[in-house]
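User: I would like a close look at one helix in this protein, and then at how the parts around it are connected. Please keep it plain, as I am new to reading structures.

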Amino acid sequence: LGLDMEELEEIEEDAGLGNGGLGRLAACFLDSMATLGLAAYGYGIRYEYGIFNQKIRDGWQVEEADDWLRHGNPWEKARPEYMLPVHFYGRVEHAATGTKWVDTQVVLALPYDTPVPGYMNNTVNTMRLWSARAPNDFNLRDFNVGDYIQAVLDRNLAENISRVLYPNDNFFEGKELRLKQEYFVVAATLQDIIRRFKASKFGSTDSVRTVFDSFPDQVAIQLNDTHPAMAIPELMRIFVDIEKLPWNEAWDITRRTFAYTNHTVLPEALERWPVDLVEKLLPRHLQIIYEINQRHLDHIASLFPNDVDRLRRMSLIEEGGTKRINMAHLCIVGSHAVNGVAKIHSEIVKTQVFKDFAALEPEKFQNKTNGITPRRWLLLCNPGLAELIAEKIGEDYVRDLSQLTKLHEFVDDDLFIREVAKVKQENKVKFALYLEKEYKVKINPSSMFDVHVKRIHEYKRQLMNCLHIITMYNRIRRDPAKLFVPRTVIIGGKAAPGYHMAKMIIKLINAVAQVVNNDPIVGSKLKVIFLENYRVSLAEKVIPATDLSEQISTAGTEASGTGNMKFMLNGALTIGTMDGANVEMAEEAGEENLFIFGMRVEDVAELDREGYNAQKYYDRLPELKQAIDQIQSGFFSPKEPDLFKDVVNMLFHHDRFKVFADYEAYVKCQEKVSELYLNSKAWTKMVIRNIAAAGKFSSDRTIKEYARDIWQVEPSDLKIPPPNEPRDAAEDKTPNGMAA
């Protein structure tokens, strides 16, 4: 048709149906599950509006609606034949025949299916996303002679459920619409799973009812954080109220079906729903949660008589002020496996956040270190590097990333070193051209590309990077003749619209960029760019062009991180703290091949015990003092000198993430980075050692561990014959009969 494929790809909108790492992780997992031949489904909500588009106006973040379906979505297929009802509100009736939830409002869940192809194995799985639809008799069935027009307009109330993604990352906002969304996806999905189970040979029905004994052997449900936690009381409701199973049998099946993945330890991110809200929206589920809690607490009381404080700590219900349901506690009690997403995080989960539960059932707690799909995050985004690797070690590494260790043989191969450096340089030139075309900024492609892209959050410490930028700026100004390794610092990411401090951080970075980029003394030695509207498609462009990856969260706050892995696989070096998966990256590559700095988890705990005093560092470190004084005095905001007073006040008086405590170590570590960058060959050799050690961080490895340790299924690398080849009747049977 004379169309250019790359041009076409640029036009297509991202399906931005998640906030940050958690949503992207699910996408990588779907790719791996299909590639490993698992019979797996990904379930979620088909938001009409995904994560907002970010515009930067006058240095401030401005949000715009992400109307991603405007031009249609060719990859999805609506499946109205599988539409299902979801109930809300109403009341509970207890009768001799059992318990009934009555007088509810009904919303229909319409599924849209998107195919998920495995890599070259003729397997195609399904991602099923639910869209909310009002039933046709909505607001018209109640004897309402009333306003027909208004009744039809009111259909929007029901359909608003799938209208928009809540844009918070690592933060809980207890809004009624959000709880509706969480129950909506859960109720539709469980009905779908049970329908499929009953239709299979396992759901053999005797004269009275379906036998559910085999349910956990045929179905595994993985809870991606606590957002789908209502699935636990919902499955209990289906088993007890509808299928008439005895409680104990229903509970045993439920626990063996569910497993829970924890994704954060930040207290403000933990979901704690007010009891009043749940009682109004889902009255039967509240009763079931109370019953689960009663039996759970009775059990603990029998093991620890008279330990009332333990009962309080372990209860699903938090008393004091407004009563709340602790959804993480519900997930732990209702699952047969609980996992963190990196070794250090799983340790913190076990020994700190949920230590009472781990003491009770230590065998329940596991680790599953996150991974990324090498199909998207190497082959697709960095074909030059992927091909170079294939020339050396063959193409099999794409399905078995552990084979990257073979690259260790070439770490001293001068030709290979030059070729790796050449691919990186080409990627940098390409990205520089993109920046010039899209943002009209000219950057020096031979400068070090120092990249910090992720959601904007205090714990991720974009502020510390900002202080380093100011420090570099001041050093250039102090001694313009001194050798300085040129840098282009690229920071990008979205701030939750209601997160004031995160928005101030974006404004500060842009204010600093304004000064630095226009100072003739600095010239091309230092450039600062805030990357607008960071998203997956932009990550695919910037990551292959990166020299230095910034992973600088306070130790113990980033559960895993996955961007860190993408940079490692694409030939960037990492400057980072011993946090999340950085710890395992250092373990795989050797700590000497990463730029590790700053406090460890133990040091942070020690500092908390003695009390963190920011003033102390300000008084002791002249360069830190200068940078802070500049921010405070309005050097970067001359028209509004006290613009950043909130930021400075936070840094001095309530900085939970201790930016000043790691500042000195960070700046010193950055000097080491610059020193190595001067020696291109030594730098590239370190890059090769990193790529060679990145194999562990494939999501294929992660999914194999979930499959074997939690879901009890064996991945198969059998290639299904294509549909145009006849299949043996014998081979028609799936190697494992279980769906995850």
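Which residues of α13 are buried?

Analyst: The model is predicted, and everything below describes that model. The buried residues in α13 are Ile 344, His 345, Ser 346, Ile 348 and Val 349. The cover over them includes the strands β15 (338–340) and β16, together with the helices α14, α22 and α23 (601–610).

One of these covering elements can be followed down to a single residue. Helix α22 spans residues 582–589 and holds Glu 584. Glu 584 has a relative accessible area of 1%, so it counts as buried, the cut-off being under 20%. Leaving aside residues up to four places away in sequence, Glu 584 touches Ala 342, Lys 343, Thr 369, Lys 696 and Phe 697.

The next step is to place α13 in the chain. The domain assignment divides the protein chain into domain 1, residues 5–367, and domain 2, residues 389–697. The centres of the two domains, taken over C-alpha atoms, are 35 Å apart. Domain 1 brings 38 residues to the contact and domain 2 brings 43.

How can such a contact be sized? The accessible area lost when parts come together is often used to give the size of an interface. For domain 1 and domain 2 the buried area is about 3,200 Å², and carbon and sulfur atoms give 53% of it. On the domain 1 side, the residues that lose the most area to domain 2 are Gln 54, Trp 60 and Ile 344, which together account for 19% of what that side buries. Ile 344 has already appeared above as one of the buried residues of α13.

Charged and polar pairs also cross between the domains. There are 5 salt bridges between domain 1 and domain 2. Lys 541 and Glu 10 form a salt bridge through their side chains, with N and O 3.0 Å apart. In addition, 19 residue pairs are in polar contact across the interface, counting pairs with both residues at pLDDT 80 or more. On the side of domain 1 that touches domain 2, the elements giving two or more residues are the helices α1 (5–11), α2 (21–35) and α13 (343–353), and the strands β2 (53–57) and β3 (60–64). By residue type, that side of domain 1 has 15 nonpolar, 13 polar and 10 charged residues.

Salt bridges can also be followed away from the interface. The structure has 64 salt bridges by the rule used here. One of them joins Arg 255 and Glu 361, whose closest N and O atoms are 3.0 Å apart. Arg 255 sits in helix α8 (residues 247–257), while Glu 361 sits in the loop between α14 (355–360) and β16 (365–367), so this pair ties together parts 106 residues apart in sequence. Both partners are partly exposed: Arg 255 has a relative accessibility of 23%, and Glu 361 has a relative accessible area of 21%.

Two further pairs link residues with other exposures. The side chains of Lys 437 and Glu 438 form a salt bridge, N to O 2.9 Å. Lys 437 is exposed at 55% relative accessible area, whereas Glu 438 is partly exposed at 40%. Shared partners join several salt bridges into one network made of Arg 79, Glu 81, Asp 113, Arg 128, Asp 192, Arg 195 and Arg 196. Inside this network, Arg 79 and Glu 81 meet through their side chains at 2.7 Å, N to O. Arg 79 is partly exposed, with 23% relative accessible area, and Glu 81 counts as exposed at 53%.

Finally, Glu 48 can be set beside Glu 584. Glu 48 lies in the loop between β1 (41–45) and β2. With a relative accessible area of 29%, Glu 48 is partly exposed, whereas Glu 584 is buried. The contacts of Glu 48, again leaving aside residues up to four places away in sequence, are Asp 66, Trp 68, Leu 69, Ser 162 and Arg 163. With Arg 163 there is a polar contact, side chain to side chain, at 2.7 Å. From Glu 48 to Glu 363 the separation is 315 residues in sequence and 41 Å in space, C-alpha to C-alpha.

To return to the helix: α13 holds five named buried residues, Ile 344, His 345, Ser 346, Ile 348 and Val 349, and α13 is also one of the elements on the side of domain 1 that touches domain 2.

Technical notes:
Residues numbered from 1 in each chain as written. Predicted model: local features only at pLDDT ≥ 70, side-chain atom pairs only at ≥ 80, totals over all residues. Heavy atoms only, no water. Domains from an automatic or database assignment. Contact = heavy atoms within 4.5 Å. Buried area = accessible area lost by both parts, 1.4 Å probe. Salt bridge = Lys/Arg side-chain N within 4 Å of Asp/Glu carboxyl O. Polar contact = N/O pair within 3.5 Å; in protein donor to acceptor, adjacent residues only side chain to side chain. Helix = DSSP H or I, 4+ residues; strand = E, 2+ residues; numbered from the N terminus. Nonpolar A, V, L, I, M, F, W, Y, C, P; charged D, E, K, R; others polar. Buried < 20%, exposed > 50% of the residue type's maximum accessible area, 1.4 Å probe, protein only.
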